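Subject: Structure handover

Hello,

Please find below the structure I said I would pass on. My notes on it follow.

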Amino acid sequence: MAFQPKDPHALIGDADRERAAQLLKDAYAKGQLTHQQLDQCLEQVLSARTRGQIDVAVAGLPAQNPGDRSTITTVSGLILRRGRWRVPADLTVASALASVYLDLSRAVIEHPVVDLEVLIGVGRVRIIVPREAVVDLQDMETGLKGLSYKPGRSSGAQGPRIRIHGTVGMRKLTVRHALLR
């Protein structure tokens, strides 16, 4: 099947506008846009009705490095990351049956904003974030067992922002800040 370019006249929805707005906010957080540029582009994105209008609003953003995006998937078992590992700007962790343990406390986090998408069906999810990290769980959906998170005392503006979103179906999502070492 041949590649079909996106139709610039295609109508878009709120989800498309939200994705474009998040790209702009991330670029601002990385220092790639001034506050004035962010305001102008967000105004364009929020009033956009077509794919072409969205594309114009984000056209000036630098291309994302493919190394800044990663996906970890398995059908069942355990997804485990701990110790010193490089955390990409966009990380997706997905499984129908696996449990997940992500320890970011000693990981190398080079980005001011880490977008962590968690898509787990049945397994338990435990995420340890750096002491100074700011955690955003606003777009996280949990099912049967719910969510456990207590903001750390040291979390603040100097640390990375960890945006955790997605769904955890049957088991509990636990997010906590690293302890003193």
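Two strands count as paired if DSSP finds at least two bridges between them. That is the sense in which I use the word for the sheet described here, and please keep in mind that the model is predicted.

The sheet

On that basis, 5 strands form an open sheet, and their order across it is 2-5-8-13-11. The pairing is parallel. Strand 2 (78-81) and strand 11 (147-149) are the edge strands, each of them pairing on one side only. From one strand to the next the twist averages 5°. In general, the strands of a sheet pair through backbone hydrogen bonds, either parallel or antiparallel.

As for the pair at the start of that order, strand 2 runs parallel to strand 5 (residues 99-103), with 4 bridges between them. To locate this pair in the viewer, start from leucine 78, whose bridge partner in strand 5 is serine 99.

The helices

Helix 3 (residues 51-58) has a contact with helix 1 (residues 14-29), and the two axes come within 10 Å, crossing at roughly 5°. Angles under 35 degrees count as roughly parallel, and helix 1 and helix 3 are therefore roughly parallel to each other. On the helix 1 side the residues are Asp16, Arg17, Ala20 and Leu24, and they meet Arg51, Ile54, Ala57 and Val58 of helix 3. By class, this contact has 5 nonpolar and 3 charged residues, and no polar ones.

Helix 3 also packs with helix 2 (residues 35-47), here at an angle of about 170° and with the axes 9 Å apart. Because angles over 145 degrees count as roughly antiparallel, helix 2 and helix 3 are roughly antiparallel to each other. Cys41, Gln44 and Val45 in helix 2 meet Ile54, Val56 and Ala57 in helix 3. The residues of this contact divide into 5 nonpolar and 1 polar, with no charged residue. Ile54 and Ala57 of helix 3 take part in the contact with helix 1 and also in the contact with helix 2.

The chain as a whole

The protein chain has 3 helices and 13 strands. Its C-alpha atoms fill a box of roughly 50 × 40 × 30 Å along the principal axes. Of its 181 residues, 43% count as buried. The accessible surface comes to about 10900 Å², with 51% of that belonging to carbon and sulfur atoms. Among contacts with a separation of 6 or more, 66% are between residues 24 or more positions apart.

Regards

Technical notes:
Residues are numbered from 1 along each chain as its sequence is written. This is a predicted model: local features need pLDDT of at least 70, side-chain atom pairs count only at pLDDT 80 or more; totals for chains, interfaces and linings use all residues. Side-chain values use heavy atoms; hydrogens and water are left out. Axes are lines fitted to C-alpha atoms, for helices over the stretch in contact, and angles run from 0 to 180 degrees between N-to-C directions. Helices (H or I, at least four residues) and strands (E, at least two) are DSSP runs, numbered from the N terminus. Angles under 35 degrees count as roughly parallel, over 145 as roughly antiparallel, 65 to 115 as roughly perpendicular and the rest as oblique. Contact means heavy atoms within 4.5 Å. Ala, Val, Leu, Ile, Met, Phe, Trp, Tyr, Cys and Pro count as nonpolar, Asp, Glu, Lys and Arg as charged, and the others, Gly among them, as polar. Buried means under 20% relative accessible area, exposed over 50%, partly exposed in between (1.4 Å probe, protein chains only). Accessible areas come from the Shrake-Rupley method with a 1.4 Å probe; for residues, only the protein chains shown count as cover.
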